[in-house]
Every structure is written in C-alpha cells, then in structure tokens.
Amino acid sequence: MSVGYLYDMPLNDRFAMGLLMSTKGVIEMVILKIGRDMEVLSEQAYSILVVMSVVVTIAVGPLLKLATTSNRGQASYQRRTIMWPDPNSELRMLVCVHNTRNIPSMLGLLEACCPTKRSPVFVFALHLVELTGRASAMLVVHDTTGSASSSDPQQLHKVPLGRSRHMIQALESYAQRAAGVTIQPLTAVSSYSTMHVDVCGVAEDNCVSLIVLPFHKQPTVDGDMQVINPAIHSLNQSVLANAPCSVAILVDHGLSGPSRMAVAQHAVHHVAVLFFGGPDDREALALASRMAEHPAVSLTVFRFIPGDDSATLPSMRRYGSNYSDEVLTLEEDEENEEQLDEAYITEFRLKHVSDETVVYTEKVSNNAEETVAVIRSMEGIHDLYVVGKGGGSSSPLTEGLTEWCECPELGPIGDMLASNDFNANASVLVVQQGMQEHEMAAGMVEESPRKPR
C-alpha cells in the first residue's frame, strides 16, 4: 500500500493490491514444510504459520470483494460529464455502433465535437454484436494492425468479426486524417439482455465522459423511420438507466460526414440547442459549446422562458397554506436549478461573446401549444438539434407532451423532433447527464446571483 501511495493510486486500489499480494498458496505451504523438515521452524512456529496462511487466504476473498465493490460504487473517476472546468482537457467518448450504416453519422458527430491537438478526443468505438451460435460472451480488443485479442482466445474464432474489420478500417482512416483524435476499436459479443452491462463496464473502466448510442430506428428512402431491431430500443433504455456518465442518443437523418466538414470554408452544420433548463439541458449546452469551436459549425441557442400567462404559480397559490417539508424541498430544488441555469447561460454567453457563428435568442412561451408552434417554425433551418432528455419535462412549457411520447428515452422535446410529424430532415441528439454536477457548479451559483426576469 505504501508503494501504491507513491504512485498516487486510490486507497481502495492500494488495499486490493495489498490483499492480493498477501494471498498464500501451495508454494508457501511447500516452503513451510521444507523449513520444518530442515528444523528451521519448530512444530509450534510451523503450526502458527500454516493457520495464519489459511486465515489470510480465506479472508482475502470477502475483503477484496468489499474493496472492489466500494471502489466501483464511488466515483472511480471524477469526470463523468462534459461540464468540466478545463475545456481544453481530453474528452473521452464511447461511441456504440450496430452496423456500418451508423459509421458516417457517428464520425460526423465526432468531427463536430472539434477535436484538436490542444483539445483532444479519445474515442472508444464499440461494435455491438449479438451473441449467436456456440460463441461465448466476450469483449474483443482490436489493435491498429487489425488483429484482435480477447480474454477467451479459444472462442475468438467463433465470433463474426468481418463487419468489425470494415468498421475498424473506416475509423482508422478518419483517425489518420484528423488531428487530436485517438480511436480504440472494440467489439462486445453478448445477448441484448445483458449488452448494457458491457457498455457501462467499458465506459467506467476507461473513464468515459459521454456514451453515444444510435437510435433504434433508421430513415428509409421515403423519409419514414423504420425500426432496426426492437432489442436495441430496450438496450438504449437500459444504458440510460445504468450508465456511470452522460449518455447521448443520436437520431440520424443524414448527418454530414467528416470529409465535408473538414474542407468547408464556411458553416455546413447549423446546430440548434433548445434550452428549457435542468441538468440535461446544461449538459446538452456544454456539448454544443464544444461544437461551436468548429469553423464549419454555426450554433443557435434557443432559450424558452415562461411568459406572464404561463401556468407557473408561486407555491402559496398552488398549495395554499398546507405547506410541508416536501413542498419546501421541492421549491428549494427548483430555485437551485434556476440559479444553475442562469449561471451556466451567463458563462456560455461570455465565452462566445465575440463569436459571430454563435447566436443566443430567447423565446417566450406560455404553454406546450405555443412551444410546439415555436419549434415547428424552425423546420428546415437546422441540420442538428441538441436537446436534453429531461429538459423541461416538469415545465408548464412542455406539460402534456410526455403523454404523447412514443420513445420516452428521448424526452418530450426529443421525441417530437424525431417523430415523422416533424417534417424536417434534421438529426437529433438527445443528451442525459450522468450524475449530479460537480461542486464547482454550486460555487458558480454563489458567484453569479440570479438576474430578475
């Protein structure tokens, strides 16, 4: 444990390493027997050492399980969201694909995140393969030479890796052209019922900040959305429920590829952020803020503000005089969320105050009907919508939209943008924040008091 301390290892990891180093086995018993036969150890010392070895070996299992479980339950890495004090630090993403049709849109999204040498992006590209035949569930790691390695080499030949090789070639080709991008291809072979465990495990083990999942529907020739596999729908919901970091679901409607963006002299991606407030919307704005750094991206932030005729009422009018601790706690949480929204919006506007490709505008709405009308007026203007999954879900501006959601994992706004009724060939990226914001956000609130509206 002392040696681990010198290398800044976490306490639980040092303790686990010390337990493993203390485990006794057959060799120790043989050495003790030789020592007794050579009369180096007395019968009493030999008995004590044998009992000690047995006790330590028995205790290592439960203690090691306790140490690793505790370590996994805590924040094994601090950066679980995109909102981070240093925008130039490395962004670690886990991009999941099911087939080759997912590759162009995922690469386009990756390019839109503006990877540079100063602000690099490390991508773990995970090809999700359904377990079939006699193959066993496994995680396959690919290297740059195209070879694969697995924890079960005997089962490796049973896995269909042909499509993975095509995916690896496309990823490596992009990584060679782009600056600031490192890609590690992986293949997860498992059943769809347990595939979310592989996705979340890879994300946690590799300190990922954002998981990107393809939507379970893909556009057809006539413009409708067709279900690829119903199991992918359940997989996305399971990942959202168990992910240790932020998650984004990409609804692809022909997102521009990286080659077109790389040679563009002006904006070819018109990105819109629909901001209603809340942690998911702040996370979506943080991702869009990074996209705004790309010279081929123009960003417009639409912030929806309740009007004077909205259904938002003070708690005294909503609950009368029947105050309770739960009501007071709810009011305090809402007040805190509003302050966090104000602080982050202020920070975003100050950051891009001199950027002509970034536009901030406020839309006043009194109810869900007016909100839908405002959003429909944007049809045909933008190529990509970035929204929060839970943004505004409890707001009067979207009240009632949740009841009509066909895909709840997209949230009320994302579901509306992804539906066939929204006649715009624009892709949608729905973001869910993986954990509570850091203590930095609380400090940011104290420094930036809320402005009266």
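At which residues does UniProt place the feature "transmembrane region"? In this predicted model, the question can be taken up together with the computed backbone, since the unreviewed UniProt entry gives that feature at residues 15-34 and 46-64. Over residues 15-34 the chain is 85% helix and 0% strand, with 31 Å between the C-alpha atoms at the two ends, while residues 46-64 are 100% helix and 0% strand, their end C-alpha atoms lying 27 Å apart.

Confidence in the model was considered next. The protein chain has an average pLDDT of 80, and 78% of the residues reach a score of at least 70. Residues 73-77, however, stay under 50, and for this stretch the model has 11 contacts beyond four places in sequence. The pLDDT is also below 50 over residues 312-321, a stretch with 12 contacts in the model beyond near neighbours in sequence. Where pLDDT is low, the predicted coordinates should not be read in detail.

The largest nonpolar core comprises 52 residues, of which Leu94, Ile211, Leu274, Phe304 and Leu417 touch the most other members. Helix α8, spanning residues 195-205, gives the most to this core, contributing five residues. The surroundings of Ile211 illustrate the packing: apart from neighbours within four places in sequence, Ile211 is in contact with Leu94, Cys96, Val199, Ala203, Val239, Ala243, Cys245, Ser246, Val247 and Ala248. A second core, separate from the one just described, has 51 residues, including Met83, Ala248, Val273 and Val358. Ala248 is thus both a contact of Ile211 and a member of the second core.

Key. Residues numbered from 1 in each chain as written. Predicted model: local features only at pLDDT ≥ 70, side-chain atom pairs only at ≥ 80, totals over all residues. Heavy atoms only, no water. pLDDT = per-residue confidence, 0-100. Contact = heavy atoms within 4.5 Å. UniProt positions renumbered as here; feature names shortened; annotations may be inferred. Helix = DSSP H or I, 4+ residues; strand = E, 2+ residues; numbered from the N terminus. Core = buried A, V, L, I, M, F, W, Y, C linked by side-chain atoms within 4.5 Å. Buried < 20%, exposed > 50% of the residue type's maximum accessible area, 1.4 Å probe, protein only.
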